[in-house]
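I opened my notebook to follow how the parts of this model are arranged, beginning with the domains of one chain and then turning to a sheet and a pair of helices.

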Amino acid sequence: MGIRERLSGNEAIATAMKQINPDVVAAFPITPSTEIPQYFSTFVNNGTVDTEFVAVESEHSAMSACIGSEAAGARTMTATSANGLSLMWEMIYIASSLRLPIVMSLVNRAVSGPLNIHNDHSDAMGARDSGWIQLFSENNQEAYDNFIMANRIAEHEDVLLPLMVCQDGFITSHSIENIELIEDDKVKNFVGKYEPKHYLLNDKEPMAIGPLDLQAYLFEHKRQQAEAMKNAKKVILEVSKDFEKMTGRKYGLFEEYKMEDAEVAIVCMNSTAGTAKFTADKLRSNGIKAGVVKIRVFRPFPTTEVAEALKNLKAVAILDKSDSLNAAGGALYEDVVAGLYQGKLNVPAVNYIYGIGGRDTKPDDLEKVYNDLLEIAKAGKVENPYRYLGVRGDN
Amino acid sequence: MNKLVEIRWHGRGGQGAKTASLLLADAAFNTGKYIQGFPEYGPERMGAPITAYNRISDEPITVHSNIYEPDYVVVVDDTLLESVNVTAGLKESGAIVINTTKDDEYLKKALNGYNGAIYKIDARKISIDTLGKYFPNTPMLAAIVKVSGIMSDEEFLNDMIGSFKHKFAKKPEVIDGNMKALEVSLKEVKKVK
């Protein structure tokens with residue numbers, strides 16, 4: 001079962017795109033996601049896929065082209081990073097509000113400035129309220145698997161929202177690792193044919209898309225978007241279950257690693273979760289009951305489900321790879337803590353901003369977090385919940 | 001072989017250290033291992049010091065950080081010995097492999113008292129003799145395979161012929177020279193006494 005391969009994260013996404021063979025890909029290259037449209041355009045050029053590849057002159061145009069083609073009724077994809085997503089800004093809100101299930105590979109990178117091309121999550125966190133579904137991926141395998149599942153989720157009639165699959169720039173996008181690919185025909189059957197109910201090129205149903213929407217209706221349309229985001233949770237789980245039937249690989253809204261008896265745990269996203277698992281294993285060999293909760297689905301956020309997973313802990317650390325610069329705490333921290341509060345769960349919680357601009361996150365750094373948690377567990381309270389990890393002059 | 005072997009490469013932009021780390025990952029993958037091969041990206045320019053990494057294991061690898069306590073270090077350009085701390089964190093149970101013609105006394109002094117095994121190889125000579133040009137990464141790839149014992153010489157050579165056929169599909173005339181470079185290098189890498 002499956003095809004044993006070794007690919008970089010970018011190669012994995014390009015391979016998934018090739019297997020899905022979408023109708024349209026519109027993209028503009030930007031580090032570290034450049035290789036995705038680069039590899040994919042060779043598949044177009046040599047006839048491996050029959051996708052219409054639109055080489056645009058900017059990311060704003062890339063997203064505009066995606067909106068046009070998806071609205072017309074074509075399955076559409078793109079890839080970008082950081083400032084590329086920034087330049088798409090006004091169009092990503094239009095994509096979600098027009099309920100267009102565009103699929104994007106977002107290779108996470110710091111949004112400048114000053115200029116930095118390395119990994120953090122500031123690009124994704126900026127888009128967290130834009131109405132896009134956001135899936136995060138620990139490694140190349142998960143980036144690939146999430147991408148294979150993306151269309152089924154986004155295009156579901158109870159959802160109809162655009163979706164971005166995130167992975168860490170360079171750390172996974174440029175690292176060669178083992179991966180198990182799915183056979184082409186299985187991917188094709190799993191993803192299925194795209195048959196939108198309503199689309200612009202349907203001459204039997206003339207329609208307008210994106211007209212003026214003022215006080216009388218915009219609110220209701222936003223409310224519907226919010227409902228679609230709620231529905232997405234259920235659909236993600238259904239699609240993940242089908243995916244497990246095909247591959248044996250199980251995905252939920254988040255992954256619990258050694259949480260059954262854990263007393264302290266780290267909540268984080270993307271590649272750091274792998275390093276946290278490695279660190280938790282090391283600590284467990286010394287008798288420390290350490291666990292990891294890896295958030296896969298950040299939008300919609302599994303508020304009550306995550307709180308439930310954390311309820312027996314003596315202390316929890318939430319790691320944000322983006323600083324919200326709000327004098328309060330990172331985005332993931334605030335979402336997790338809101339769930340604990342709503343569940344009336346008094347688990348001491350602390351936030352660490354880490355890994356900004358590609359600062360490497362080592363097992364030693366995460367061991368320090370676990371050690372801090374043991375102190376917090378002993379004290380039963382948190383003095384300063386908004387902390388930094390691995391920054392000079394402030395530890 | 002240990003459960004997890006970690007290797008750090010030091011080279012200069014343009015010498016192929018990154019490519020060598022990816023080829024090593026490929027070769028280990030083909031013998032059934034779990035692998036990681038990744039460069040540390042900086043401002044890329046010809047001649048600037050660059051670092052690349054490999055993890056090779058019999059079990060899945062979850063850690064995603066750079067490597068700070070490698071089992072092995074490969075130095076593709078000996079001019080780095082005076083500007084980069086190439087033995088930083090290097091385990092004394094491991095080894096360092098250097099492309100150099102410098103004498104043993106110089107190497108020991110340049111490595112600041114590193115007590116582990118030191119190996120050297122004249123990758124320039126081997127490359128010029130076998131390929132007619134200076135591509136140090138092919139000899140260094142063979143040297144680290146020999147020193148680390150990640151796989152046998154036969155497994156390695158059998159695998160590399162396949163990799164080269166794929167990599168050089170458009171210039172098959174260089175395959176024989178590269179294979180010769182590997183064979184010679186497996187023999188030529190010498191321990192510093």
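I looked up the domains of chain A and found the C-alpha centres of domain 1 and domain 2 of chain A 28 Å apart, the assignment giving 3–247 for domain 1 and 254–389 for domain 2, with bounds that come from an automatic or database domain assignment. I note that this is a predicted model, in which local features need pLDDT of at least 70 and side-chain atom pairs count only at pLDDT 80 or more, while totals for chains, interfaces and linings use all residues. Residues are numbered from 1 along each chain as its sequence is written, and chains are lettered from A and ligands numbered from 1 in the order in which they are written.

For the contact between these domains (C-beta atoms, placed from the backbone, within 7 Å), I found 28 residues from domain 1 of chain A and 20 residues from domain 2 of chain A. On the domain 1 side, the elements giving two or more residues are helix H6 (122–126), strand E6 (133–136), strand E7 (163–168) and helix H9 (218–247) of chain A, where helices are DSSP runs of H or I with at least four residues and strands are runs of E with at least two, numbered from the N terminus. H9(A) gives the most to this side, with 5 residues.

I then followed the open sheet of chain A, whose 7 strands come in the order E3-E2-E4-E5-E7-E6-E12 with mixed pairing, two strands being paired if DSSP finds at least two bridges between them. Its edge strands, each pairing on one side only, are E3 (52–55) and E12 (297–299) of chain A. Within the sheet, E4 (76–80) and E5 (103–108) of chain A run parallel and are joined by 4 bridges, and A:Thr80 has A:Leu106 in E5(A) as its bridge partner. Helix H7 (140–154) of chain A lies across E5, E6 and E7 of chain A, at about 170° to E7(A); such angles run from 0 to 180 degrees between N-to-C directions, with axes fitted to C-alpha atoms, for helices over the stretch in contact.

In chain B I checked H1 (17–30) against H4 (137–148), whose axes come within 9 Å and cross at roughly 40°. H1(B) and H4(B) are therefore oblique to each other, a term for angles outside the ranges under 35, 65 to 115 and over 145 degrees. Among the residues that meet are B:Leu23 and B:Leu24 in H1(B) and B:Met140 and B:Ile144 in H4(B).

Note on methods. Contact = placed C-beta atoms within 7 Å.
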